[in-house]
Amino acid sequence: MHPAFAVGLVFAGCCSNVIFLELLARKHPGCGNIVTFAQFLFIAVEGFLFEADLGRKRPAIPIRYYAVMVTMFFTVSVVNNYALNLNIAMPLHMIFRSGSLIASMILGIIILKKRYSVFKYTSIALVSVGIFICTFMSAKQVTSQPSMSENDGFQAFAWWLLGIGALTFALLMSARMGIFQETLYKQFGKHSKEALFYNHALPLPGFLFLASDIYEHAVLFSKSELYQVPVIGVTVPIMWFYLLMNVITQYVCIRGVFILTTECTSLTVTLVVTLRKFVSLIFSILYFQNPFTLWHWLGTLFVFTGTLMYTEVWNHLGATKSPPPKEDKEN
């Protein structure tokens with residue numbers, strides 16, 4: 001499959017996914033659990049049919065290793081979606097999650113005893129400053145809303161701090177999962193589709209602990225205004241339509257990234273995903289008119305510049321543009 005098609009899937013799927021997720025979160029801020037459950041269920045069913053061959057195909061990586069990875073993956077997914085309930089705006093949510101390089105570097109130094117160049121430390125410092133600027137300015141917005149009393153403002157700020165704590169925890173846990181996954185792939189080989197299936201299928205029983213919240217939001221979704229789906233003309237509650245589109249676009253996004261990892265270098269994948277995050281951020285700001293000051297833009301610039309510096313993308317582009325040396329022809 002052509003890489004350009006995969007890039008199109010990533011941008012179309014992921015950017016649309018952000019829009020439908022924000023539509024869900026704006027109407028029902030506490031709907032993170034039902035969204036996570038629907039995404040996991042859809043990918044698990046698809047993987048069971050096409051990857052696990054209805055359970056007949058034995059996994060290349062032992063289940064006990066997947067159990068560890070799944071615990072981390074489930075926790076990260078639930079915490080990330082739940083953070084939207086805690087006064088965390090979607091743009092800040094996206095910017096904060098773009099700081100995965102910081103967490104990966106910190107844990108790489110602690111666990112894998114890795115050492116990095118001064119250039120990479122500088123790029124990470126740039127990302128850190130960018131996230132700090134955006135976080136600090138978002139904190140000021142939370143506490144300075146004119147419609148809030150002093151007590152309400154403090155309470156909102158306390159919930160916001162809890163949200164920042166949740167995002168930080170998810171960031172570190174995600175980086176730890178990445179290191180664990182890296183060691184597994186070195187030992188057993190790379191099995192991305194299999195990992196995708198088991199990471200989504202094995203955590204499904206864990207949603208039993210969240211069953212009451214999921215059921216409560218399912219009832220709220222069913223009571224939402226009716227919407228006639230274009231083309232097919234079926235009328236459904238609009239929140240269920242948003243959820244279905246969120247699940248489908250999430251799958252398209254994941255499939256696009258998977259195709260990219262098999263067709264392109266890791267540098268290209270990182271570049272595409274980084275640019276996709278930036279485009280998603282612009283979508284969220286413009287489409288939903290989320291508050292975004294000049295300081296936020298400066299912080300965003302720092303984050304994405306630092307990310308591109310870390311991947312040394314300019315060196316790579318320079319190498320591809322420079323023509324190969326001409327060989328002297330013998331007469």
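**Figure 1. Cysteine 253, with a relative accessibility of 11%, counts as buried.** Buried means under 20% relative accessible area, exposed means over 50%, and partly exposed lies in between, with a 1.4 Å probe and protein chains only. The model is predicted, and local features need pLDDT of at least 70, side-chain atom pairs count only at pLDDT 80 or more, while totals for chains, interfaces and linings use all residues. Residues are numbered from 1 along each chain as its sequence is written, and side-chain values use heavy atoms, with hydrogens and water left out. Cysteine 253 forms a disulfide with cysteine 14, and the two sulfur atoms are 1.6 Å apart. A disulfide is counted here when a pair of cysteine sulfur atoms lies within 2.5 Å. By this rule the model has 1 disulfide. Cysteine 14 belongs to helix H1 (residues 3-27) and cysteine 253 to helix H10 (residues 238-263), so the bond ties together parts that are 239 residues apart in sequence. Helices (H or I, at least four residues) and strands (E, at least two) are DSSP runs, numbered from the N terminus. The torsion about the S-S bond is about 60°, which means that this disulfide is right-handed. Cysteine 14 is buried too, at 3% relative accessibility.

**Figure 2. Two further cysteines, 15 and 134, are buried.** Which cysteine sulfur is closest to that of cysteine 15? It is the sulfur of cysteine 14, at 6.9 Å, which is too far for a bond. Cysteine 15 has a relative accessible area of 6% and therefore counts as buried. For cysteine 134 the relative accessible area is 0%, so this residue is buried as well.

**Figure 3. Helix H2 runs from residue 32 to residue 50.** With 19 residues at 1.5 Å a residue, H2 should span 27 Å. The expected span is 1.5 Å times one less than the number of residues. The end C-alpha atoms of H2 are 27 Å apart, which agrees with the expected value. Buried residues of H2 include Gly32, Ile34, Val35, Thr36, Ala38 and Glu46. Asparagine 33 is also part of H2, and at 7% relative accessibility this residue counts as buried. Leaving aside residues up to four places away in sequence, asparagine 33 touches Val78, Phe207, Leu210, Asp213 and Ile214. Contact means heavy atoms within 4.5 Å.

**Figure 4. Helices H2 and H8 (residues 192-201) cross at roughly 130°.** Two packed helices are described by the angle between their axes and the distance between the axes. The axes of H2 and H8 come within 8 Å. Axes are lines fitted to C-alpha atoms, for helices over the stretch in contact, and angles run from 0 to 180 degrees between N-to-C directions. H2 and H8 are therefore oblique to each other. Angles under 35 degrees are roughly parallel, over 145 roughly antiparallel, 65 to 115 roughly perpendicular, and the rest oblique. The crossing of H2 and H8 is left-handed. On the H2 side the contact is made by Gln39, Phe40, Ile43, Ala44, Gly47 and Phe48, and on the H8 side by Leu196, Phe197, Asn199, His200 and Ala201.

**Figure 5. Leucine 281 of helix H11 (residues 266-288) touches residues including Pro91, Met94 and Ile95.** Is leucine 281 buried or exposed? At 1% relative accessibility, leucine 281 counts as buried. Other residues touched by leucine 281 include Phe292, Thr300 and Phe304, with residues up to four places away in sequence not counted. The C-alpha atom of leucine 281 is separated by 8.6 Å from that of valine 18, although these residues are 263 residues apart along the chain. Helix H4 (residues 90-97) is mostly covered, with 7 of its 8 residues buried. Among the buried residues of H4 are Pro91, Met94 and Ile95.

**Figure 6. Aspartate 53 and valine 231 have positive phi angles.** Aspartate 53 has a phi of about 55° although it is not a glycine. Aspartate 53 lies in the loop between H2 and helix H3 (63-82), and at 34% relative accessibility this residue counts as partly exposed. Valine 231, also not a glycine, has a phi of about 75°. Valine 231 is in the loop between strand E1 (226-228) and strand E2 (235-237). At 89% relative accessibility, valine 231 counts as exposed.

**Figure 7. The whole protein has 13 helices and 2 strands.** Of its 331 residues, 46% count as buried. Among contacts between residues at least 6 apart in sequence, 80% join residues at least 24 apart.

Notes: A crossing is left-handed if the near helix is turned anticlockwise from the far one by less than a right angle, and right-handed if clockwise.
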